[in-house]
Amino acid sequence: MASEQIFPKGLGGLGTVEEIEAVGARGWNVLREDLSLPVAVLVKPRVEHNLRWMTEFVQKYGVFLAPHGKTTMAAKLFGRQMDEGAWGITLATAQQCAVAHAHGVRRILMANELIGRANFELVSDIIAGGTTFYTLVDSPDLVCQLGSFFQGRGQKLRVLVELGVNGGRTGTRTDEQTQAVVDAIAQWSGSLLLCGVEVYEGVLKDEAGIREYLGRAVDTVKQLQKQGAFAQDERVILSGAGSAWYDVVADVFAAVRDEVDVVLRPGCYLTSDAGIYRVAQQEIGQRNSIARAVDTDRGSTLQSALEVWAYVQSVPEPGLAIVGMGKRDVAFDSGLPVAVWHFRPGVHREPARASSAWETVKLMDQHAYLQVPQDADIKVGDMLGFEISHPCLTFDKWRYVAMVDESYNVLEAIPTYF
């Protein structure tokens, strides 16, 4: 039976999965125009730097890392994170968890509520396959649904009670609500194991409010330990941290790291970016001495490792270049892409830094409006490399991302599973 013909974006000259998996042997290079732009690329040395940076950070704090896999949904990258010492992988949906399990991840934290029979069945299969699996609960109703299903399957489901804040997302708002959830779990002791407490601090914006919220989580863990509420023979987990405040979470939760397993869940560190997470990382470096020490040890802070390359396809009027890249290719929810590299095939030997005066001012589905000075040296057929803001919403636009070295030689193709 013939292989499916797929011809994915960026690797459009390759029609089968087998050809794509062997792309590293072709000797392709982005700058030689061997790929069909637009193309998303991961620069391998920067990815590896970021992996080592975060590993050192969590080791210095004495905490664990379960990076959020929904950022990339790339099983090959999950593998690199696990090889670098990650405690497990965090996911957001049952489908995402099934992908990680199918690719060998054997400890999964689903940092979300698990709802619905088909999703219960996916997780049941994951547990039956030998993976240690955790999910969140924030209501007696959900506890009852989960308890009934997994009791019927003869399985035990590990759960963390999620603490929330008024105006936030999921999670209990009061101590009374938290206790009601804990009491409900106790009614299903044969099928549900209470293993810890979870928060997501990213719904808050000020450090003082975040520290108060995290302190509530620490107090809740201590109170539940006094009650004997946690499952016996299970390590107690205290988990939090998106990609903007993970240092504050580590700082507050470190107070109980000798008594429980503190698990941080940032995901965007792997590629960082040129927008919201570059700013966030700069702020982390300003307020956190351990982050500054890792910067010194590693020679720099987190590096932007995800780029999208595209051609200038029209210069229809002075001061405007139209680039063949749009909303179908790059995130636009938290800032527009930034042109950082300029390369003219057949003329330039290597990319030059794009002028800081070149600004992306508008995106359409397949086009970017690049505002440039009227005398800018920019021509049809020029190649531009863009850094992005918010990697999650760039990854999910690509079926494959090309891993390259600093000279843009193609090393392998990274499949995604959105």
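These exercises, each with a worked solution, walk through a predicted model.

**Exercise 1. The open sheet**

Task: Find which strands stand at the edges of the eight-stranded open sheet.

Solution:
- Start with the strand order. It reads E2-E9-E8-E7-E6-E5-E4-E3, and the pairing is parallel.
- Now go to the edges. Strand E2 (64-65) and strand E3 (89-91) stand there, each with a single partner strand, so one side of each has no neighbour in the sheet.
- Look at the E2 edge. E2 pairs with strand E9 (residues 261-264) in the parallel sense, over two bridges.
- Pick out one residue pair. Leu65 has Leu264 in E9 as its bridge partner.

**Exercise 2. A helix across the strands**

Task: State which strands helix H6 lies across, and give its angle to E5.

Solution:
- Locate the helix. H6 covers residues 140-152.
- List the strands under study. H6 lies across strand E4 (107-113), strand E5 (132-137), strand E6 (157-162) and strand E7 (192-198).
- Read the angle. H6 runs at about 150° to E5.

**Exercise 3. Helix H5 against helix H6**

Task: Describe how H5 and H6 cross, and which residues meet.

Solution:
- Begin with the axes. Those of helix H5 (residues 117-128) and H6 come within 11 Å and cross at roughly 50°.
- Classify the angle. H5 and H6 are therefore oblique to each other.
- Add the hand. The crossing of H5 and H6 is right-handed.
- Find the contact. From H5 come Phe120, Glu121, Val123, Ser124 and Ile127; they meet Gln145, Leu146, Phe149 and Phe150 of H6.
- Sort the residues by class. The contact of H5 with H6 has six nonpolar, two polar and one charged.

**Exercise 4. Helix H7 against helix H8**

Task: Work through the crossing of H7 and H8 in the same steps.

Solution:
- Take the axes. Helix H7 (residues 175-186) and helix H8 (residues 207-227) have axes that come within 12 Å and cross at roughly 40°.
- Classify the angle. That makes H7 oblique to H8.
- Add the hand. H7 passes H8 in a right-handed crossing.
- Find the contact. Asp175, Thr178, Gln179 and Val182 of H7 meet Arg216, Thr220, Leu224 and Gln227 of H8.
- Sort by class. The contact of H7 with H8 has two nonpolar, four polar and two charged residues.

**Exercise 5. Leu160 and its contacts**

Task: Decide whether Leu160 is buried or exposed, and find what Leu160 is in contact with.

Solution:
- Place the residue. Leu160 is in strand E6.
- Check the accessibility. Leu160 has a relative accessibility of 0%, so Leu160 counts as buried.
- List the contacts, leaving aside neighbours within four places in sequence. Among them are Leu109, Tyr134, Leu136, Cys195, Val197 and Ile237.
- Compare with Ala118. Leu160 and Ala118 are 42 residues apart in sequence and 21 Å apart in space, C-alpha to C-alpha.

**Exercise 6. Glu21 in helix H1**

Task: Decide whether Glu21 is buried or exposed.

Solution:
- Place the residue. Glu21 lies in helix H1.
- Apply the cut-off. Exposed means over 50% relative accessible area. Glu21 has 62%, so Glu21 is exposed.
- Add a distance. Glu21 and Gly319 are 298 residues apart in sequence and 41 Å apart in space, C-alpha to C-alpha.

**Exercise 7. Backbone details in loops**

Task: Examine the peptide bond from Leu37 to Pro38, then the phi values of Ser272 and His390.

Solution:
- Take the bond. From Leu37 to Pro38 the peptide bond is cis, with omega near 5°. Pro38 is in the loop between helix H1 (17-21) and strand E1 (39-43).
- Turn to Ser272. Its phi is positive, about 50°, although Ser272 is not a glycine. Ser272 lies in the loop between E9 and helix H10 (276-287). Its relative accessibility is 4%, so Ser272 counts as buried.
- Finish with His390. Its phi is near 75°, a positive value in a residue other than glycine. The loop between strand E16 (383-387) and helix H12 (392-395) holds His390. At 13% relative accessibility, His390 counts as buried.

**Exercise 8. A hairpin**

Task: Describe the pairing of E14 and E15, and how many residues join them.

Solution:
- Take the pairing. Strand E14 (residues 359-363) and strand E15 (residues 368-371) pair in the antiparallel sense, over four bridges.
- Pick a pair. Lys362 stands opposite Tyr369 in E15.
- Follow the link. A hairpin of four residues joins E14 to E15.

Conventions. Residues numbered from 1 in each chain as written. Predicted model: local features only at pLDDT ≥ 70, side-chain atom pairs only at ≥ 80, totals over all residues. Heavy atoms only, no water. Axes fitted to C-alpha atoms, helices over the stretch in contact; angles between N-to-C directions. Parallel < 35°, antiparallel > 145°, perpendicular 65-115°, else oblique. Left-handed = near helix turned anticlockwise from the far one by under 90°. Contact = heavy atoms within 4.5 Å. Nonpolar A, V, L, I, M, F, W, Y, C, P; charged D, E, K, R; others polar. Pairing = 2+ DSSP bridges. Buried < 20%, exposed > 50% of the residue type's maximum accessible area, 1.4 Å probe, protein only.
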